[in-house]
Amino acid sequence: MTVVRTRIAPSPTGDPHVGTAYIALFNLCFARQHAGKFILRIEDTDQLRSTPKSEADILAALGWLGLNWDEGPDKGGDFGPYRQSERTDIYKKHVDQLLAQGNAFHCFCSSERLDELRTRQMAEKKALGYDGHCLQLDETEVKEKLSANIPHVIRMKIPTAGTCVVKDMLREDVEIEWQQIDMQVLMKSDGLPTYHLANVVDDHLMEITHVIRGEEWINSAPKHLLLYQYFGWKAPLLCHMPLLRNADKSKLSKRKNPTSIGYYQRMGYLPEAVTNYLGMMGWSMPDEREMFSIPEMVEHFDIKRVSLGGPVFDTEKLDWLNGRYLRETLSDEEFMQRFSQWAFRPDMLQAIVPLIKQRVERFTDIAPLTAFFFSGLPPISEQNFEHKKLTPDDSKKILQYLAWDLETLEAWHRDRIEKMLMQLAEKMGFAVRDFLFPIFIAIAGNPVSTSVIDSIAVLGLDIVRARLRHGIEILGGVSKKQLKILEKEYAVLAHQQLSS
């Protein structure tokens, strides 16, 4: 009898995303419901963006939510390594097999040629994709270019006619014409695999039986199924889950909603409430109850009950559910313990104490000085932003540009944040004191507090992003037309910062 094996395969390139937790929850429940195994694999082939900190944060966040895996980089297992960066020899072997079979080819096209091709295709309103130029090279030419160490990638061959039928556990068969599928790069010029090759090879070698992932991967399914065919392997069953949505039905994004698991942890949500809420995203208990644990979800789980309508991630509904958990599931003693664990985290206090120690004369001074560190969105109004040298539009622009700037930080460090703020103030033409004023209001709710740069460093990107966005909304918000204008202006400013 085949053992059901599912997996979650996050990329360690940023904050742990609630969308990752959502897909992990459904993979875990499906595996547990079938007495199977749930695997965590780290897809870190993007060496420029992958970081050990991001990987550690992902493991900690999923662990906090109680989404416990059976095999992974921290637990080991019979199918390791569980980091793609440690499996490069495996991918090399398999891509060599595809080349030998004639199912893949070397592509020596320069980035300039590919850019020109894309521009021409867009101008002629043709489908974007590789045109097969290097397929015309004969074996001798390929060997000469390889001997000359000309940079190249390896692409997969795609049928030129016909249709791929994608069978999905939640949908009727999805038909996609092969002409719509690009000749995917399988191995990059640095010798590392792309997601598509590594994903298929790893899923097969790790004996994954069911791939439960977001519906954005449906259009990539033909490439994956074709690779299974090329290797002569049986493909796992596919299940594409509906994407989490913002209230306006757009894909859940950090620019409209807090998306980091860490944000919800820092805001004082209970992990069991968050997983409960994620379980309600497109699925419901047979008796329609709204409060249930992971074991209860597993007991009653049926993947066929997933609704394809895009579930809306509504933080107000999450607030309501979290409130019920706080009131209905915790005794007074448990409430006190959980609050203490949240409020008196040693790492948080350790960061805050140096900022306030020189400013207090009594312990009673601490609460008003530090309240904003432990609050949600500060209770501010448009009047709080009134400033004799800044218009409301100036303040909105400062907050928006800062939000975009902070998202580009590779390492969240006080000195880097300070340098970024000082550069942005200079490029925008504001005196530093004036520039920092709306930031103080948005972050601390007050123009007089601990250093706003230190505060940003302590609070973290997700809390800061939410407060900057809140400040923009208090100032009247930004329309789609205004946003496009700001994006163009910011792009010019960002280019100046890079070139200076």
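**Exercise 1. Work out which residues line the second largest cavity, and which elements they come from.**

Step 1. Start with the wall: the second largest cavity is lined by Asn199, Asp203, Val211, Arg213, Ala221, His224, Leu225, Tyr228, Pro236 and Leu238. This is a predicted model, where local features need pLDDT of at least 70 and side-chain atom pairs count only at pLDDT 80 or more, while totals for chains, interfaces and linings use all residues. Residues are numbered from 1 along each chain as its sequence is written, and side-chain values use heavy atoms, with hydrogens and water left out.

Step 2. Pin down the terms. On a 1 Å grid over the protein atoms alone, a cavity is a set of points where a 1.4 Å probe fits but cannot get out; a pocket is an open set with protein on both sides within 12 Å along at least five of seven lines; and lining residues have an atom within 4 Å of a point.

Step 3. Assign the wall to elements. α6 (195-205), β8 (210-214) and α7 (221-231) each give two or more residues to the lining of the second largest cavity. Helices (H or I, at least four residues) and strands (E, at least two) are DSSP runs, numbered from the N terminus. The largest share, 4 residues, comes from α7.

Step 4. Add size and chemistry. The second largest cavity holds about 60 Å³ of space, where a volume is the space filled by probe spheres set on the points, with grid points joined across faces, edges and corners. Its lining has 6 nonpolar, 2 polar and 2 charged residues. Here Ala, Val, Leu, Ile, Met, Phe, Trp, Tyr, Cys and Pro count as nonpolar, Asp, Glu, Lys and Arg as charged, and the others, Gly among them, as polar.

**Exercise 2. Describe the largest cavity and its wall.**

Step 1. Count first: searching the whole structure turns up 2 cavities of 30 Å³ or more. The largest cavity has a volume of about 90 Å³.

Step 2. Walk round the wall. Its lining includes Arg266, Met267, Trp342, Phe373, Phe374 and Arg467. Both α12 (332-343) and α19 supply at least two residues of that lining.

Step 3. Sort by class: you get 8 nonpolar, 1 polar and 3 charged residues.

**Exercise 3. Move to the second largest pocket and find what sits closest to its centre.**

Step 1. The second largest pocket has a volume of about 730 Å³. Of its 28 lining residues, Arg255, Lys256, Asn257, Arg469 and Glu473 are the closest to the centre.

Step 2. Look for the contributing helices. At least two lining residues each come from α8 (261-266), α15 (392-407), α19 (461-474) and α20 (480-499). The largest share, 7 residues, belongs to α19.

Step 3. Check the mix: 13 nonpolar, 6 polar and 9 charged residues make up this lining.

**Exercise 4. Explain why the buried residues of α16 line one face of the helix.**

Step 1. Helix α16 (residues 414-428) has 15 residues and reaches 21 Å from its first C-alpha to its last, close to the 21 Å expected at 1.5 Å a residue. That expected span is 1.5 Å times one less than the number of residues.

Step 2. Its buried residues are Ile417, Met420, Leu421, Leu424, Ala425 and Met428. Buried means under 20% relative accessible area, exposed over 50%, and partly exposed in between (1.4 Å probe, protein chains only).

Step 3. Look down the axis of α16: the buried residues fall within an arc of 130 degrees, so they line one face. The arc is that of the directions from the helix axis to the C-beta atoms. An α-helix has 3.6 residues a turn, so residues three or four places apart point the same way.

Step 4. Turn to the other side of α16, where Lys419 and Glu426 are exposed. Just after the helix, Gly429 takes a positive phi of about 80 degrees.

**Exercise 5. Find the side chains that contact Glu71.**

Step 1. Glu71 lies in the loop between α2 (52-64) and α3 (88-101). This residue is buried, with a relative accessible area of 9%.

Step 2. Its side chain makes polar contacts with the side chains of Arg5 (2.8 Å) and Tyr82 (2.6 Å). A polar contact is a pair of N or O atoms within 3.5 Å; within protein, one must be able to donate a hydrogen and the other to accept it, and residues adjacent in sequence count only if both atoms are side-chain atoms.
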